Amino acid sequence: MRERKLYALIGGLLLLAVVYLNWEPGSGSGSESVFEIRIPIPWLQPRMGFVTRNSTRFVDSETGSLVYVTGWNSYWLMSSGSRVRVSEMLRRGRDMGMGVCRTWAFSDGGPNALQVSPGRFDERVFQTILTRKNTYSGVMYSDEPAIFAWELMNEPRCVSNSSGPLLQAWIAEMASYIKSLDQKHLITVGLEGFYGHQRPGRLGVNPGQWAASLGSDFIQNSAVEQIDFASVHAYPDSWIPNASLEEKAKYLARWVDSHVNDSQNVLKKPVLFTEVGSHFHVKKNGSYDRDILLKTVYDKVYESAKLGQAGAGALIWQLVIEGMESYQDEFSLIAKEHPSTYKLIMQQSCRLRSLFGKTDNNSTKRSNCSEITS
């Protein structure tokens, strides 16, 4: 009898310990505390395949299905200080049918965070990330299929070496190093997509002469063997601020077409438009300029998908939730406060799903899709 009581006491203490270790207190007024199991049990995690590529297309290694991306940026997740907010942001993205969130895997450390001396960079930063274990699954990041891909750097530039060899050498070195540690994940650079001086026939696609002097070149940088897919950004409001909305939409269509064509015919790799951002301007009829520009990119991706070409997806910049206003910029939004943008994101996810039966957004509820398209 005494042993039974002892076992019951020990069991009760263990249960309290589990609750304590998995309890996430609410952050801020109105926030609810959440109990969430975070004990790493790999065999209880949902079965997932890695995203690979077959020529100009992304493919699910588990099912062989084509993968097209409707996603979003929330760079602030690691800095939020709250698992509740992170979970809420991911839940909202999933509910809109999006399956990829682009976020930073580092703390902002200034321009010299990786550089140990001029021209030399500390590769251990990448090693630390790749060998870290997922808190929830217990799986090392290099073996974690929930990670879509790695990006070397956000918007790399080298204005002191505008002809491009220094940046090109760095991309080749770092991509090769990551591949030596992780052969399961795709790698991209993180480019804005500007063409360099070595490509005079494409300089007219750039938003201005300044764009060719930043030390990057979309084709050369993306052609590195260990780079699996190309990445491009799109900010017509910032790049051509004095243009009319019609001129911006026309420019954006040309920008997307050029990069899809180069990815298809020159690079022979998929291309993701990993940041698509625009200002919040409300027209008299209640519509947003943002919707017109975002729809321009979405339509181009959809057309590419129908033709089986390299345009593989787009990610809006950026989504936030209540309580994260300090991380907002002029392109940020809380999606549910902008119904037309919310609906546009849902429509893109649903029509890609209807085209192929399955995309990266396997969380999209079919009932939601029928409501959006009806």
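## A tour from the whole chain to one buried glutamate

Of the protein's 374 residues, 47% count as buried. Keep in mind as you click around that this is a predicted model.

**Whole protein.** Start with a cartoon view and colour by secondary structure: you should find ten helices and 14 strands. Switch to a surface next; about 18,700 Å² is exposed, and carbon and sulfur atoms supply 54% of that area. If you like contact maps, look away from the diagonal: among contacts between residues at least 6 apart in sequence, 70% join residues at least 24 apart.

**The largest nonpolar core.** Now select Leu152, Phe218, Trp255, Phe273 and Leu319. These belong to the largest nonpolar core, which has 71 residues, and they touch the most other members. Zoom in on Leu319 and show its surroundings. Leaving aside residues up to four places away in sequence, Leu319 touches Trp72, Asn73, Ser74, Trp76, Met89, Met96, Met98, Leu333 and Ala335.

**A second core.** Select Val67, Val69, Phe229 and Ala312 next; they are among the eleven residues of a second, separate core.

**Glu275.** For the last stop, go to strand β13, residues 271–276, where you will find Glu275. Is Glu275 buried or exposed? Its relative accessible area is 3%, so Glu275 counts as buried, the cut-off being under 20%. To see what surrounds Glu275, show the residues it touches beyond four places away in sequence: Asn73, Arg102, Trp104, Asn154, Glu155, Val232, His233, Ala234, Tyr235, Leu315 and Trp317. Keep Asn73 highlighted as you finish, since Asn73 is touched by Leu319 and also by Glu275.

Methods:
Residues numbered from 1 in each chain as written. Predicted model: local features only at pLDDT ≥ 70, side-chain atom pairs only at ≥ 80, totals over all residues. Heavy atoms only, no water. Core = buried A, V, L, I, M, F, W, Y, C linked by side-chain atoms within 4.5 Å. Buried < 20%, exposed > 50% of the residue type's maximum accessible area, 1.4 Å probe, protein only. Contact = heavy atoms within 4.5 Å. Helix = DSSP H or I, 4+ residues; strand = E, 2+ residues; numbered from the N terminus. Areas by Shrake-Rupley, 256 points an atom, 1.4 Å probe, with all protein chains shown as cover.
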